[in-house]
Amino acid sequence: MISFDEAMALLSKHIAPLEAETIALSKAAGRTLAADVTADIPSPRRTISAMDGYAVRLESVVSDAPMRVVGEARPGCPYDGPLATGTAVRIFTGAPLPEGADCVIMQEHASREGEDVRFSAGFGPARHIRQQGSDFAKGDIVLEQGTRCDPKALVAIAAGDRSETAVHRQPKVALLATGDELAEPGSAQRAPYAIPDSTSYALAALVEREGGVVTTRERGLDDLPALERQAGELLGSADLVVVTGGASVGERDFAKPMFAAHGLEQLFDKVAIKPGKPVWLGRAGETLVLGLPGNPTSAMVTARLFLQPILALLQGASTAHRWRSMPLAGGLPATGDRETFARAAWVSEGLCPLGNQDSGVQGGLARADWLIRCPPGQAELPVGAKVQALQF
Ligand SMILES: Nc1nc2c(c(=O)[nH]1)N[C@H]1C(S)=C(S)[C@@H](COP(=O)(O)OP(=O)(O)OC[C@H]3O[C@@H](n4cnc5c(N)ncnc54)[C@H](O)[C@@H]3O)O[C@H]1N2
Ligand code: MOO
């Protein structure tokens, strides 16, 4: 059995980004950049006003003396010509600053009388000007390779006047839930010992949220020849197969054997963590296979700890575990001999570990927004202690 850190190092070592493709900006949300994005134009594109008011040469302004307004500048429509000393140009936020102007006086400090304007004293030292290129220059890198295009990143690409961007292909992910007892949610109540397949929809949602494409979401009975056939079909259709259940040592735990006939090479099998010890990763041909334990909390915790970084690595992103130091708002029990990821909720002053930490929990999962990382053998921790936590 390997440690969590050793398992993470194996992910980084064995998982390379999928090939790159160029896509329209309109399709880029959620995708990961395969190359740095450089700006084709500077931002701001021109030196512009940051306020609605009057553009002036500051040294020519005399408080409460009339000044001639010689024209207007609007965004996209500049004042034509240099600004003569002793004159002002009506200007609006975002408009190019007239040549020769070095200050914008906000209209709140101006009183207009026909063609003239007077400025009251005390309009302040701010010039209210944004210099051309003060945000970024033409040719600057506005986003680095490996950045995920969240809404804020889309602003930078568009502002650099780029209509397309190079991203890594989306991973195709096939989901298989194994277990004779599993039934489609809504139909379990019709058979006395059936239970709803509660994690497949959750895993599909996680895959899609993290930039993958779910090619299939299916169930398999605990029957090895049938599972072997199913494995062959799934391996041919996906970059990654995620199989839940059947990971442990039971006589009908077939998650690994079903891929053995297809040349499965194991990268790791069992990790010293709680929950989720039976998690495993392998490769059959070109396709990765991730095995998650059947217990629902274990499946979701290992999906967060392993599936999410695998999807990130396939898309060329940096491994996505952002641990944060956070205070405890409730006591944390001592840890056993496996590194433990305690489920916790954020309350006003910190993280409160949930009362039921059983790996079969389903109902309380929605309240668990954080995983607290507890090293093996850690003593009980009091309220206020700092812990390492990962958004869950
Ligand atoms: N003798 C041992 N027994 C077990 C060990 C062990 O080391 N020695 N490990 C335990 C641990 S830890 C876990 S976690 C589980 C994992 O077992 P499996 O991955 O083989 O999972 P199953 O046996 O198929 O199912 C466990 C449990 O979860 C329910 N389940 C399965 N799939 C789903 C699903 N898609 N939706 C909802 N619930 C699901 C299943 O009905 C079982 O109740 O093994 C321990 N045993
Ligand atoms: O360690 Mo298992 O994944 O919790 O019950």
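Modeller: A residue is near a molecule if its C-beta atom, placed from the backbone, lies within 6 Å of it. Keep that in mind for the ligands. And note that this model is predicted.

Biologist: Which residues surround ligand 2?

Modeller: The shell holds Lys-274, Pro-275, Gly-276, Lys-277, Pro-293, Asn-295, Ser-298 and Ser-359. By class, that gives 2 nonpolar, 4 polar and 2 charged residues.

Biologist: How many residues surround ligand 1?

Modeller: Ligand 1 has 25 residues around it. Gly-245, Ala-247, Ser-248, Pro-293 and Gly-294 are the closest. The shell splits into 8 nonpolar, 13 polar and 4 charged residues. Pro-293 also appears in the list for ligand 2.

Biologist: Pro-275 is in the ligand 2 shell. What is the peptide bond from Lys-274 to Pro-275, cis or trans?

Modeller: Read omega. Here the bond is cis, with omega near 0°. Pro-275 sits in the loop between strand E19 (273-274) and strand E20 (280-284).

Biologist: Where does the cis peptide bond with omega of about -10° lie?

Modeller: That one joins Ser-43 and Pro-44. Pro-44 belongs to the loop between E2 and strand E3 (48-49).

Biologist: Now burial. Is Ala-28 buried or exposed?

Modeller: Count C-beta atoms: 20 or more others within 10 Å means buried, 12 or fewer means exposed. Ala-28 is buried because it has 21 C-beta neighbours inside 10 Å. Its place is the loop between strand E1 (20-24) and strand E2 (37-38).

Biologist: Which residues is Ala-28 in contact with, leaving aside its neighbours within four places in sequence?

Modeller: Ile-23, Cys-149, Leu-154, Ile-157, Thr-165 and Val-167. Ala-166 can be checked by C-alpha distance. The C-alpha atoms of Ala-28 and Ala-166 are 9.0 Å apart, with their positions 138 residues apart along the chain.

Biologist: Next, backbone angles. What is phi of Asp-64?

Modeller: Look at the sign. Phi of Asp-64 is near 65°, positive in a residue other than glycine. Asp-64 lies in the loop between strand E4 (53-56) and strand E5 (67-73). It is exposed because 9 other C-beta atoms lie within 10 Å.

Biologist: And where is Asp-161 found?

Modeller: In the loop between helix H2 (151-159) and strand E12 (164-168). Phi of Asp-161 is also positive, near 65°. With 13 other C-beta atoms within 10 Å, Asp-161 is partly exposed.

Biologist: Last, the domains. What does the assignment give?

Modeller: Domain 1 is 4-16 + 170-314, domain 2 is 20-43 + 135-168, domain 3 is 48-130 and domain 4 is 324-391. The centres of domain 1 and domain 3, taken over C-alpha atoms, are 65 Å apart.

Definitions and conventions:
Residues are numbered from 1 along each chain as its sequence is written. Chains are lettered from A and ligands numbered from 1 in the order in which they are written. This is a predicted model: local features need pLDDT of at least 70, side-chain atom pairs count only at pLDDT 80 or more; totals for chains, interfaces and linings use all residues. Ala, Val, Leu, Ile, Met, Phe, Trp, Tyr, Cys and Pro count as nonpolar, Asp, Glu, Lys and Arg as charged, and the others, Gly among them, as polar. Domain bounds come from an automatic or database domain assignment. Helices (H or I, at least four residues) and strands (E, at least two) are DSSP runs, numbered from the N terminus. Two residues are in contact if their C-beta atoms, placed from the backbone, lie within 7 Å.
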